[in-house]
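Student: I'd like to go through this fold with you, piece by piece. Can we take it as a round of questions?

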Amino acid sequence: MKRICVYCGANAGSSPAYLEAAKNCGAALAAHGIGVVYGGGNIGLMGAVADGALAAGGDVIGVIPHHLADKELAHEGASQMIRVDTMHERKHRMAELCDGFLILPGGIGTLEEMFEVFTWLQLGLHHKPIGLLNVAAFYDPLLTFLDSMVAAAFLRREHRDMLLVETELEALLPRMTSFEAPVLGKWWDKG
Ligand code: AMP
């Protein structure tokens, strides 16, 4: 994988473990020679991922809409900052530039971004791996909810299992690298 798109919080979160994990992720991706694509801010976990990667000599591409460049404080040190007009364009460019997606803790923006690429994978619109790093059990309730969706027959087990989940990046990266999107059947039934 040449580049990974990282989705994560514009906030730092309540525990220092989140910031530390984000910084370490940036550094680890750089150490693996994998470039980072992200939302371009220098705030919260987003800034920490970029800082970690840049400090380790990594390549960092930010994609930020004009209207957020001031609010989210576009990172001054990024290798490249792509400015776009809309949130949709941002997500489109980020998805286009990367070979896989990495999800760290975050808020509704992070979830929206993750579920969009997860949905696109289910629809077969892309075949890139989606890795979720479950830092400090942050995503446990969400993973339980996904299992409830499977139990309630709104989500197929094979689709649920396409989301790669680990607590350590070093365990997640090889799973992402070897990911092959399964040939999926339909995701609905007639009821
Ligand atoms: P959050 O997880 O809520 O802290 O948001 C993380 C990042 O997602 C921030 O850079 C937000 O600007 C971005 N974001 C939130 N909603 C969207 C959206 N609909 N499209 C693109 N980016 C978004």
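Student: How many of the residues of E1 are buried?
Tutor: Keep in mind that this is a predicted model. Buried here means under 20% relative accessible area. By that cut-off E1 is mostly covered, and the count of buried residues is 4 of its 5.

Student: Which residue of E5 is the bridge partner of Tyr 7?
Tutor: E1 covers residues 3-7 and E5 covers residues 100-103, and the two pair in the parallel sense over 4 bridges. Tyr 7 has its bridge partner in E5, and that partner is Ile 103.

Student: And what stands opposite Arg 3 in E2?
Tutor: E1 also pairs with E2, again in the parallel sense, over 3 bridges. Across from Arg 3, the residue in E2 is Gly 35.

Student: Which strands stand at the edges of the sheet, and why is one side of each left without a neighbour?
Tutor: Lay out the open sheet of 7 strands, which has parallel pairing, in its order: E4-E3-E2-E1-E5-E6-E7. A strand at the edge has a single partner strand, so one side of it has no neighbour in the sheet. That holds for E4 (80-84) and E7 (163-166).

Student: By how much are neighbouring strands turned against each other?
Tutor: Take this sheet's neighbouring strands and ignore direction. On average, the turn is 25°.

Student: At about what angle does H2 run to E2?
Tutor: H2 spans residues 44-55 and lies across E1, E2 (35-38) and E3 (60-65). Against E2 in particular, the angle is about 160°.

Student: What do the buried residues of H2 pack against?
Tutor: Start with who is buried in H2: among them are Leu 45, Met 46, Val 49 and Ala 53. The buried residues of H2 pack against strands E1, E2 and E3, and also against helices H1 (16-31) and H4 (87-97).

Student: How far does H2 reach from its first C-alpha to its last?
Tutor: H2 has 12 residues, and at 1.5 Å a residue you'd expect 16 Å. The model comes out close to that, at 17 Å.

Student: Which residue follows H2 with a positive phi?
Tutor: The phi in question is near 80°. The residue following H2 is Gly 57.

Student: Let's move to the ligand. What is the distance from a polar side-chain atom of Thr 110 to an oxygen atom of the ligand?
Tutor: There are 16 residues around the ligand, and those that come nearest include Gly 107, Gly 109 and Thr 110. Gly 107 has a polar backbone atom 2.8 Å from a ligand oxygen, and for Gly 109 a polar backbone atom is at 2.9 Å. For the side chain of Thr 110, the distance is 2.6 Å.

Definitions and conventions: Residues are numbered from 1 along each chain as its sequence is written. This is a predicted model: local features need pLDDT of at least 70, side-chain atom pairs count only at pLDDT 80 or more; totals for chains, interfaces and linings use all residues. Side-chain values use heavy atoms; hydrogens and water are left out. Two strands pair if DSSP finds at least two bridges between them. Axes are lines fitted to C-alpha atoms, for helices over the stretch in contact, and angles run from 0 to 180 degrees between N-to-C directions. Contact means heavy atoms within 4.5 Å. The expected span of a helix is 1.5 Å times one less than its number of residues. Buried means under 20% relative accessible area, exposed over 50%, partly exposed in between (1.4 Å probe, protein chains only). A residue is near a molecule or strand if one of its heavy atoms lies within 4 Å of it. A polar contact is a pair of N or O atoms within 3.5 Å; within protein, one must be able to donate a hydrogen and the other to accept it, and residues adjacent in sequence count only if both atoms are side-chain atoms.
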